[in-house]
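Grab a coffee and work through these exercises with the viewer open. Try each task yourself before you read its solution.

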Amino acid sequence: MSAALRHVFLASLRRRRLATALSLFAIALGVALGLAVQLIHGAALDEFGRGMRLLAGEADLQVFGPRAGFDDAVYAEIAAQAEVADASPVLEIDARLPGRDISLRIFGIDMFRAAHVHPALMPQVDTAARETGPLAALAADALFLSPAARTALGIAPGEMLAVQSGTHALPLRIAGTVPAAGLGQELGVMDIAAAQLLFGRIGRISRIDLRLKSGIDRDAARRSLAALLPAGVEVLTPETAEAQTSALSQAYRVNLTMLAIIALLTGGFLVFSTQLLAVARRRQELAFLRALGLDRAALIRGLLAEGAVVGLTGGLLGIVLAYGLAGLAFNYVGGDLGAGYFRGLRPALRFDLRPSVAYVLLGVLAGVAGAWLPAREAARMNPARALRAGDEAEVFQSRPRAYLTPACLALATLLCFLPPLGGVPIFGYAAVAFLLAGAVLALPTLVQLSMGFLDGTRDVLWMLARARLAAAPGQAVVAAAGVVASVALAVAMAIMVSSFRHSVDGWLESILPADLYLSASPAATSGFLAPEMQEQVASLPGIAAIRPVRFDTLRLDTERFPVTLIARPVDGGAALPLVGATVTADSPDAAPSAWISEAMADLFAVKVGDVLQLPISGRRVAFHVAGIWRDYARQHGAVVIELADYRALTGDFNANDLAIWLADGAEPDTVAQAIRNALGDDTIKIASPGDIRAISLAIFDRTFLVTYLMEAVAILIGLFGVSTSFAGLATARRKEFGMLRHLGLTRGEIGRLLTVEGALTAAVGTAVGMVAGGAIALVLVEVINRQSFHWSMDIRLPLAGLVIFAGALVLLAALAARLSGHQAMRQSAVLAVREDW
Amino acid sequence: MLDIVGLTKGYEGGAGHPLFTGVSLHLERGECIAIMGESGVGKSTLLNCIAGLEPVDEGSIRLAGAELTTLDDNAFARLRRQHYGFVFQAFHILPHLTVVQNVALPLWLLDRPGREAENLARAMLDRVGLLARADDWPRHLSGGELQRIAIARALVHRPTLVLADEPTGNLDPERAIGVLDLLLECIRDAGAVGIIVTHSRAAAARADRILRLSAHGLDTEVSRP
Ligand SMILES: Nc1ncnc2c1ncn2[C@@H]1O[C@H](COP(=O)(O)OP(=O)(O)OP(=O)(O)O)[C@@H](O)[C@H]1O
Ligand SMILES: [Mg+2]
């Protein structure tokens with residue numbers, strides 16, 4: 001067998017170099033994209049988890065509160081418990097750096113306690129710094145930077161770094177490093193008392209890390225400690241805390257992996273089409289081998305080996321490509337591929353054996369799977385019949401299986417109603433797969449039906465093309481299934497992205513009604529506007545009204561990541577992008593209203609009219625859910641309450657942002673300048689709604705960059721499919737073309753015949769793909785996005801774009817068919833009609 | 001009708017000398033000849049030269065007085081469409097067209113109206129005795145039947161010249177004679193010129209003349225009255 005394998009089967013790959021190269025390339029691309037995504041996210045997640053573990057240190061349990069922190073009396077009480085061996089309080093501040101675009105995570109720690117709980121955070125005083133000595137680390141202005149933060153900020157020990165508190169820029173001295181933080185973590189460490197003072201958080205901490213006495217059961221301790229904590233403060237194991245945080249980016253990562261798997265499937269599909277064509281072309285050769293005594297199993301093995309070799313080579317090539325791609329992505333886009341999940345990390349690319357081997361195997365699998373049906377087809381043929389000339393077309397008569405289409409569609413519909421598994425919309429993805437399968441299975445029948453419409457045509461080339469496609473719809477399937485799949489996916493993505501973008505745009509417009517926005521720090525970092533500052537802004541000339549916004553986070557339970565609390569004037573919900581029904585409180589003394597985001601409604605199973613307990617200021621306060629609003633910014637959930645309610649409950653009058661309405665005739669630029677003059681330039685950001693929209697949409701587009709790239713690859717592979725199919729078909733049909741040339745068709749006319757066939761095939765494929773794409777878009781929007789990110793959007797069809805895309809694709813496919821048929825046309829008509837060749 | 005004078009043909013990288021030289025032939029309307037010769041002497045090549053599918057090195061080919069060797073590829077294709085009919089050893093019937101469509105194919109290429117093409121094709125099928133199979137798919141037919149369809153296809157557009165390269169090579173001897181007689185009859189009926197290459201002396205004997213091809217030209221072997 002091995003000699004036969006080499007000379008008969010594998011040698012055939014060499015004979016059809018172009019088709020082999022294209023299938024190999026497609027598999028390599030699929031493997032490369034999938035593995036690159038895996039590597040990038042793997043490295044980012046590794047670094048992320050390492051950071052979490054580093055910060056958790058030796059802690060057995062961690063107590064977390066809202067971002068604003070909780071009373072440090074809790075620390076004294078917890079530390080006094082009998083189970084607790086060591087307790088280390090931490091104040092975590094996301095410090096805005098005035099004049100820079102990045103923020104720095106600063107951990108205020110108690111140097112004496114931290115040594116036992118998180119040794120990795122222990123600072124090391126640099127000898128180059130001015131003050132050294134045992135107490136240098138406790139100095140009020142001493143900040144220690146991790147090596148990564150030092151590199152990112154470009155700052156050396158002894159130099160000063162300004163951090164923002166409120167609207168003030170406060171200089172800190174870089175007193176040394178945090179050597180154990182490693183190269184991947186950008187962070188700073190300072191004394192907790194100094195940090196409390198500096199950032200206006202006196203008496204507040206945001207975390208307590210605990211080590212239990214030996215022999216204490218962790219779960220029991222967790223339960224007994226939880227009973228001591230005020231509302232909104234929870235005790236978690238470090239593993240839970242890490243899992244909650246990494247779960248945030250999971251849906252996004254799964255989405256990208258799915259796209260890569262689709263590329264891999266397309267590669268397997270190309271193997272299928274080239275193998276089917278190769279089998280058609282080698283029908284007589286294979287029949288002859290069977291006649292010589294090659295048994296069925298050996299024939300199948302040989303043909304599968306062809307696919308496996310293509311898959312293996314493609315897989316190996318893909319691995320090399322993947323590492324190259326991942327390296328590029330780390331340099332240019334970052335570890336989250338532009339989606340913003342892993343800020344402040346410097347992950348490094350490493351060789352990762354397990355996923356690499358897994359992806360090579362996936363490549364081989366794609367190759368073998370693609371070779372499977374053609375191999376069976378070849379094994380089934382009757383050698384005696386196949387030895388007779390002229391029945392290559394038999395392979396393509398493929399029994400139409402249109403009856404399977406309704407079954408696929410029904411199944412897909414059913415799957416859409418199933419809930420996600422572990423937060424991943426597995427059934428939604430399965431529905432997409434069934435929709436695609438249904439579309440491809442419907443192809444032969446649809447080709448035959450649509451050829452019926454061309455019945456009246458008089459042009460002989462059209463008649464020939466029509467007859468060929470109607471009699472051998474299998475050919476259309478081979479050539480058009482790639483088109484269907486890639487068009488469907490591209491159209492689905494296009495509709496989804498266009499709907500998403502349109503909805504985001506509308507959403508931005510509705511959440512940005514004011515004339516100017518002033519922000520003391522993005523994402524609620526260490527900047528804020530004290531009440532005096534708010535009044536100062538309000539009293540500036542040209543300003544008609546201001547509306548403050550305050551952010552915090554709330555931990556509703558131990559199971560899930562905290563939700564964002566937004567306190568702002570709401571006007572009974574009128575100022576929110578509400579979706580669905582709303583209710584208003586009937587009596588004035590009823591519980592205050594809260595408006596929850598779609599994500600919060602999904603994640604916490606809350607509906608309009610429910611009573612929601614929010615832990616604010618260490619107390620549980622009942623709110624009445626008055627409405628659900630759309631939020632594209634926080635997939636972990638957000639809740640809006642009236643600013644007045646918040647202030648009454650907390651006594652916190654600070655604001656993170658101000659929405660500013662201008663007086664009639666006031667110039668936005670003049671007013672902005674006046675605010676800058678009053679508050680300082682570095683510590684605040686002023687933007688018009690237009691700026692914010694532009695920036696947000698730019699971020700949106702960057703997030704979808706990878707998606708666009710993968711989409712382009714899918715279409716490219718689809719076109720490859722058309723051209724390899726037609727190249728293969730043209731070779732398989734040499735005799736036909738040779739005979740037609742004898743009958744007096746010119747080379748040009750045979751070229752046109754192929755063009756017409758290509759165009760017809762692509763037209764049917766594109767039409768089917770468009771319809772399937774529309775259906776898939778619906779699943780993406782209503783099921784996959786909803787279940788992954790918990791947001792809804794309004795469907796919007798980019799019609800003009802789709803029409804242009806369809807036209808261009810049909811043209812390109814016609815061109816591809818013609819170009820790839822060229823080889824066959826060059827071939828001598830004389831040789832083609834000879835009996836044995 | 002067909003005049004060939006001093007035809008010489010060799011292949012590049014061939015034996016160094018031409019395959020054949022000085023091939024001359026004159027055929028009258030309605031005349032059918034058989035060409036015989038050893039395998040590899042160039043019989044198929046000669047037919048291909050006459051069909052314009054192989055360039056010739058020297059000599060001239062005239063059909064009804066018009067010189068063919070100077071025609072370009074496309075012009076020759078159009079000429080073939082109009083004036084040539086072919087019968088191949090391996091039939092070459094298109095599997096995705098029905099029997100009658102296969103026969104009508106040359107008429108389609110000549111832009112004859114669909115109805116007329118169909119009627120002519122059916123008439124021609126009747127002539128070769130296969131009208132009953134007109135709407136069948138070719139894959140259900142035997143070799144002899146396929147070759148009769150090929151004959152119908154070769155003559156349906158009333159060509160001036162019919163070229164047949166071992167038309168009976170794939171058929172059993174008895175059927176071979178029947179098919180060949182049918183071919184000759186049809187060619188004579190149509191007033192065309194027929195050139196049939198064959199290895200079978202029995203088959204060749206049915207033609208008006210038998211010529212033997214050698215490296216030095218075509219020699220008359222047996223002539224019949
Ligand atoms: N395209 C080509 N290039 C080079 N040599 C060729 C080519 N086609 C045919 N030949 C050679 O020319 C010679 C004549 O071939 P041809 O097919 O005309 O022979 P033939 O007389 O028809 O033989 P047979 O009776 O076996 O069919 C052979 O030696 C063949 O190898
Ligand atoms: Mg020959």
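Helices here are DSSP runs of H or I that span at least four residues, numbered from the N terminus. One thing to keep in mind throughout: this is a predicted model.

**Exercise 1. Place A:Ala465 in chain A, and say whether A:Ala465 is buried or exposed.**

Step 1. Start with the secondary structure: A:Ala465 sits in helix H16 of chain A, which covers residues 460-471.

Step 2. Now check the accessibility. Buried means under 20% relative accessible area. A:Ala465 has a relative accessible area of 0%, so A:Ala465 is buried.

Step 3. Look for partners beyond four places in sequence: A:Ala465 touches A:Leu753, A:Val756, A:Glu757 and A:Leu760.

Step 4. Finally, pick A:Pro615 for a distance check. A:Pro615 is 150 residues from A:Ala465 in sequence, and their C-alpha atoms are 72 Å apart in space.

**Exercise 2. Sketch chain A as a whole: how many helices and strands does chain A have?**

Step 1. Count the elements: you should find 27 helices and 22 strands in chain A.

Step 2. Turn to burial. Chain A has 837 residues, and 56% of them count as buried.

Step 3. Consider the surface. Chain A exposes about 33,500 Å², with carbon and sulfur atoms supplying 62% of that area.

Step 4. Check the contacts between residues at least 6 apart in sequence. In chain A, 83% of these join residues at least 24 apart.

**Exercise 3. Which residues touch the most other members of the largest nonpolar core?**

Step 1. The largest nonpolar core holds 168 residues, and B:Tyr84 and B:Ile195 touch the most other members.

Step 2. Ask which element gives the most to this core: that's helix H17 (residues 473-511) of chain A, with 22 residues.

Step 3. Apart from this core lies another one of 38 residues, including A:Ile93, A:Ile155, A:Ile208 and A:Ala221.

Step 4. Back to B:Tyr84. Skip neighbours within four places in sequence, and its contacts include B:Ile50, B:Leu63, B:Phe76, B:His157 and B:Pro159.

**Exercise 4. What surrounds ligand 1, by residue class?**

Step 1. List the shell. Among the residues around ligand 1 are B:Tyr11, B:Leu19, B:Lys43, B:Ser44, B:Thr45, B:Glu166 and B:His199.

Step 2. Sort the shell by class, and you get three nonpolar, six polar and three charged residues.

Step 3. Go after the polar atoms. B:Ser44 has a polar side-chain atom 2.7 Å from an oxygen atom of ligand 1. A side-chain N or O atom of B:Glu166 is 3.3 Å from an oxygen atom of ligand 1, and for B:Tyr11 a side-chain N or O atom is 3.3 Å from a nitrogen atom of the ligand.

Step 4. Work out the cover: on its own, ligand 1 has 630 Å² of accessible area, and the protein covers 62% of it.

**Exercise 5. Is B:Arg209 buried or exposed, and what does its side chain contact?**

Step 1. Find B:Arg209 in strand S9 (residues 209-214) of chain B.

Step 2. Its relative accessible area is 18%, so B:Arg209 counts as buried.

Step 3. Follow the side chain: B:Arg209 makes a polar contact with the side chain of B:Glu31, at 2.9 Å.

How values were computed
Residues are numbered from 1 along each chain as its sequence is written. Chains are lettered from A and ligands numbered from 1 in the order in which they are written. This is a predicted model: local features need pLDDT of at least 70, side-chain atom pairs count only at pLDDT 80 or more; totals for chains, interfaces and linings use all residues. Side-chain values use heavy atoms; hydrogens and water are left out. A nonpolar core is a set of buried Ala, Val, Leu, Ile, Met, Phe, Trp, Tyr and Cys residues joined through side-chain atoms within 4.5 Å. Buried means under 20% relative accessible area, exposed over 50%, partly exposed in between (1.4 Å probe, protein chains only). Helices (H or I, at least four residues) and strands (E, at least two) are DSSP runs, numbered from the N terminus. Contact means heavy atoms within 4.5 Å. A residue is near a molecule or strand if one of its heavy atoms lies within 4 Å of it. A polar contact is a pair of N or O atoms within 3.5 Å; within protein, one must be able to donate a hydrogen and the other to accept it, and residues adjacent in sequence count only if both atoms are side-chain atoms. Accessible areas come from the Shrake-Rupley method with a 1.4 Å probe; for residues, only the protein chains shown count as cover. Ala, Val, Leu, Ile, Met, Phe, Trp, Tyr, Cys and Pro count as nonpolar, Asp, Glu, Lys and Arg as charged, and the others, Gly among them, as polar.
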